[in-house]
Amino acid sequence: MEDPAGIGIETVGVPSRRPEGMTAFTIVWFGQVVSLVGTAMSGFALTLWAYRTTGLATALSMVAFFNFAPMIVMSPIAGVLVDRWNRKWTMALSDLASAMMTLVVLVLFLTGHL
């Protein structure tokens, strides 16, 4: 059976259990909150780590600048592109890239190469 949008909603006679409505929104919203808070905390921790390691305000300000610069530069461009791309995939891939970079920073920190 197919829904009006043309997407199959049954597999071998078993209805799909995909969340809908407010439940789906809440799941996505909560995932984004966790992702954004984690990214912000990582950026803040990295800024404090740079200051504690070097003792220089220059290091603190450079890390803070390079933490926010991509958002400022890419926001206008990303807004246009996301309107043209699949929003679900864009959100998933950007969160995945953010998580991967956080893991890279963790590995560099743990190995003493940060």
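This report looks at helix H1 and its two helical neighbours in a predicted model.

## The chain at a glance

Let's start with the overall layout. The chain holds three helices and two strands, and from the N terminus on these elements follow the order β-β-α-α-α. Of the 114 residues in the chain, 7% are buried. If you take the contacts between residues at least 6 apart in sequence, 37% of them join residues at least 24 apart.

## Helix H1 from end to end

Helix H1 covers residues 21–54, which is 34 residues. At 1.5 Å a residue, H1 should span 50 Å, and its end C-alpha atoms are indeed 50 Å apart, so expectation and model agree. Just after H1 comes glycine 55, with a positive phi of about 75°.

Which residues of H1 are buried? They are Gln32, Ser35, Gly43, Thr47 and Ala50. Their cover includes helix H2 (57–84) and helix H3 (87–111), and each of these partners deserves its own look.

## H1 against H2

Two packed helices are described by the angle between their axes and the distance between the axes. For H1 and H2, the angle is about 160° and the axes are 8 Å apart. An angle over 145 degrees counts as roughly antiparallel, and H1 and H2 are therefore roughly antiparallel to each other. The crossing of H1 with H2 is right-handed.

On the H1 side, the residues in this contact are Gly43, Leu46, Thr47, Ala50, Tyr51 and Thr54. They meet Ala57, Ala59, Leu60, Val63, Ala64 and Asn67 of H2. By class, the contact of H1 with H2 has eight nonpolar residues, four polar ones and no charged ones. Gly43, Thr47 and Ala50 appear here and are also among the buried residues of H1.

## H1 against H3

Now for the other partner. The axes of H1 and H3 come within 11 Å of each other and cross at roughly 30°. That makes H1 roughly parallel to H3, and this crossing is left-handed.

From H1, the contact takes in Val28, Gln32, Ser35, Thr39, Ser42, Leu46 and Trp49. Facing them in H3 are Met91, Asp95, Ser98, Thr102, Val105 and Phe109. The residues of this contact divide into six nonpolar, six polar and one charged.

The spacing along the helix is worth a glance too. An α-helix has 3.6 residues a turn, so residues three or four places apart point the same way. Leu46 of H1 is a residue to look at in both contacts: Leu46 is listed with H3 and with H2.

Technical notes: Residues numbered from 1 in each chain as written. Predicted model: local features only at pLDDT ≥ 70, side-chain atom pairs only at ≥ 80, totals over all residues. Heavy atoms only, no water. Helix = DSSP H or I, 4+ residues; strand = E, 2+ residues; numbered from the N terminus. Expected span 1.5 Å × (residues − 1). Buried < 20%, exposed > 50% of the residue type's maximum accessible area, 1.4 Å probe, protein only. Contact = heavy atoms within 4.5 Å. Axes fitted to C-alpha atoms, helices over the stretch in contact; angles between N-to-C directions. Parallel < 35°, antiparallel > 145°, perpendicular 65-115°, else oblique. Left-handed = near helix turned anticlockwise from the far one by under 90°. Nonpolar A, V, L, I, M, F, W, Y, C, P; charged D, E, K, R; others polar.
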